[in-house]
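Dear colleague,

I am passing on the structure we spoke about, and below it you will find notes on the ligand site and on the empty space in the protein. Please read them with the coordinates open beside you.

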Amino acid sequence: MNKQFVLNKQLKEEEIYKTIITQLENLINNNDALISTFSNFTAILKNAFDKISWVGFYFLKDNKLVLGPFQGKIACTEIELGKGVCGSSALKKETIIVEDVNKFPGHIACDGNSKSEIVIPLVKENKLYGVLDLDSYQYSAFNDVDKKNLEALCNFLLNKINVDNINKILA
Ligand code: SME
């Protein structure tokens, strides 16, 4: 399948998210390995928004979050539930927007240049599978438009894949 996609970055963010959904619909193909789908998902977002310095998945394994496919600099490989923004979002099963990471108690600084972030929990039928983490070098980079659309993208992804197979890529 041809996975090339042209994106007009001059569009408003809401419009960019709409084109991302179309891109995802074409991308998610049950013949692909799950790890390939997750990897391309992060690439779509990283390429769509210049404000993103890092985007990636952490998956739940043995009550910890384990680093999954991502785009950006190297990152912490394990985060305990309840720790940092990712661990807090996972524990609460709620999206967290942090406008200034220096003001978030316990923020885990994988990249000292990060200024703000948003973390979306991956939850299906009330079960936690991990989180999607997006960081930025700008303060207050993420807002309710990102929250609404990223939650929709994550739900779309979780409904398309077989979530029980996530465990198989975490050995
Ligand atoms: N920002 C995260 C840590 C992960 S890295 O930023 C990739 C946190 O405090 O949860």
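In what follows, a cavity is a set of grid points, computed over the protein atoms alone, where a 1.4 Å probe fits but cannot get out, and its lining residues are those with an atom within 4 Å of a point. Please keep in mind throughout that this is a predicted model.

I begin with the enclosed space. The structure holds one cavity of 30 Å³ or more, and the volume of the largest cavity comes to about 190 Å³. Its lining is made up of 21 residues, and those that lie nearest the centre of the cavity are Ile108, Cys110, Glu117, Asp133 and Asp135. Three elements, namely β1, α3 and β6, each supply at least two residues of this lining, and of the elements it is α3 that gives the most, with three residues. Sorted by class, the lining of the largest cavity has 12 nonpolar residues, together with four polar and five charged ones.

What takes up the space of the largest cavity? That space is the one taken by the ligand, and the shell around the ligand can therefore be read against the lining just described, since a cavity is defined on the protein atoms alone. There are 13 residues around the ligand, among which Val85, Cys86, Ile108, Glu117 and Asp135 come nearest. By class, this shell divides into eight nonpolar, two polar and three charged residues. At least two residues of the shell come from each of β1 (54-61), α3 (84-92) and β6 (127-136), and α3 again gives the most, with three residues.

Several backbone atoms approach oxygen atoms of the ligand. For Cys86, a polar backbone atom is 2.7 Å from a ligand oxygen, while for Val85 a backbone N or O atom lies 2.9 Å from an oxygen atom of the ligand. Ile108 also places a backbone N or O atom 2.9 Å from an oxygen atom of the ligand. Taken alone, the ligand exposes 310 Å², and 98% of that area is buried by the protein.

There is, finally, an open site to report. The second largest pocket holds about 180 Å³ of space, and its lining consists of Leu60, Lys61, Asp62, Lys127, Leu128, Tyr129, Val163, Asp164, Ile166 and Asn167. Both β1 and β6 supply at least two residues of this lining, with β6 giving the most, at three residues. In the lining of the second largest pocket, five residues are nonpolar, one is polar and four are charged.

With best regards

Terms used. Residues are numbered from 1 along each chain as its sequence is written. This is a predicted model: local features need pLDDT of at least 70, side-chain atom pairs count only at pLDDT 80 or more; totals for chains, interfaces and linings use all residues. Side-chain values use heavy atoms; hydrogens and water are left out. A residue is near a molecule or strand if one of its heavy atoms lies within 4 Å of it. A polar contact is a pair of N or O atoms within 3.5 Å; within protein, one must be able to donate a hydrogen and the other to accept it, and residues adjacent in sequence count only if both atoms are side-chain atoms. Accessible areas come from the Shrake-Rupley method with a 1.4 Å probe; for residues, only the protein chains shown count as cover. On a 1 Å grid over the protein atoms alone, a cavity is a set of points where a 1.4 Å probe fits but cannot get out, and a pocket is an open set with protein on both sides within 12 Å along at least five of seven lines; lining residues have an atom within 4 Å of a point. A molecule sits in a cavity or pocket if more than half of its atoms lie within 2 Å of its grid points. Helices (H or I, at least four residues) and strands (E, at least two) are DSSP runs, numbered from the N terminus. Ala, Val, Leu, Ile, Met, Phe, Trp, Tyr, Cys and Pro count as nonpolar, Asp, Glu, Lys and Arg as charged, and the others, Gly among them, as polar. Grid points are joined across faces, edges and corners, and a volume is the space filled by probe spheres set on the points.
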